[in-house]
Amino acid sequence: MTEQDDWEREFDHKWASSAEHKEPSARARMLAARWKENPPNPAPFRADPDPVRPRRSSWISTAVVLGCVAAVIVLLGYAQMRAYR
């Protein structure tokens, strides 16, 4: 593209952005028509999220991690012992 084409495109964007009346998007028109007949229920700006199930207690997670570390240590020790035979 030449510099002239870039300038013309920029001019068109400025011209379109400065329009007095901007037509709403198709989605905005669809929602406006839907809400005219059936308005949505009011909702707070930051609604509380749906309740989630309680997390596992920290001691279970700790036990799982320590168990995995112990298993890795045992496996490495066993592999070393087999390598020396």
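## Confidence in the model

pLDDT is the predictor's confidence in each residue, on a scale from 0 to 100. Keep that scale in mind here, since this is a predicted model. Across the chain the mean pLDDT is 81, and 81% of the residues reach 70 or more.

The confidence varies from element to element. Helix α2 has the highest value, with a mean of 92, while α1 has the lowest, at 67. A word of caution fits in here: where pLDDT is low, the predicted coordinates should not be read in detail.

## Overall layout

What elements will you meet as you follow the chain from the N terminus? They run α-α-α. In total the chain holds three helices and zero strands.

Now for the surface. The chain has 85 residues, and 1% of them count as buried. Its accessible surface comes to about 9,100 Å², and carbon and sulfur atoms account for 60% of that area.

## The salt bridge between Glu23 and Arg29

Let us turn to a pair of charged residues. Glu23 sits in the loop between α1, residues 3-17, and α2, residues 26-37. Is Glu23 buried or exposed? Glu23 counts as exposed, because its relative accessible area is 62% and the cut-off for exposed is over 50%. Its partner, Arg29, has a relative accessible area of 39%, so Arg29 is partly exposed.

Which residue does the side chain of Glu23 contact? The side chain of Glu23 makes a polar contact of 3.0 Å with the side chain of Arg29. The two side chains also meet in a salt bridge, with 3.0 Å from N to O. The cut-off for a salt bridge is 4 Å, between a side-chain nitrogen of Lys or Arg and a carboxyl oxygen of Asp or Glu, and the count comes to one salt bridge. As general background, side chains of opposite charge can pair when their charged atoms come close.

## A nonpolar patch

The last stop is a nonpolar stretch of surface. Trp59, Ile60 and Val64 make a nonpolar surface patch of about 310 Å². One of these residues, Val64, is found in helix α3, which spans residues 58-84.

How does Val64 qualify for a patch? Val64 has 46% relative accessibility and therefore counts as partly exposed. Residues in a patch need over 30% relative accessible area, so the 46% of Val64 is enough on that point.

Conventions
Residues numbered from 1 in each chain as written. Predicted model: local features only at pLDDT ≥ 70, side-chain atom pairs only at ≥ 80, totals over all residues. Heavy atoms only, no water. Patch = residues over 30% accessible without salt bridge, like charges linked within 9 Å, V, L, I, M, F, W, Y side chains within 5 Å. Areas by Shrake-Rupley, 256 points an atom, 1.4 Å probe, with all protein chains shown as cover. Helix = DSSP H or I, 4+ residues; strand = E, 2+ residues; numbered from the N terminus. Buried < 20%, exposed > 50% of the residue type's maximum accessible area, 1.4 Å probe, protein only. Polar contact = N/O pair within 3.5 Å; in protein donor to acceptor, adjacent residues only side chain to side chain.
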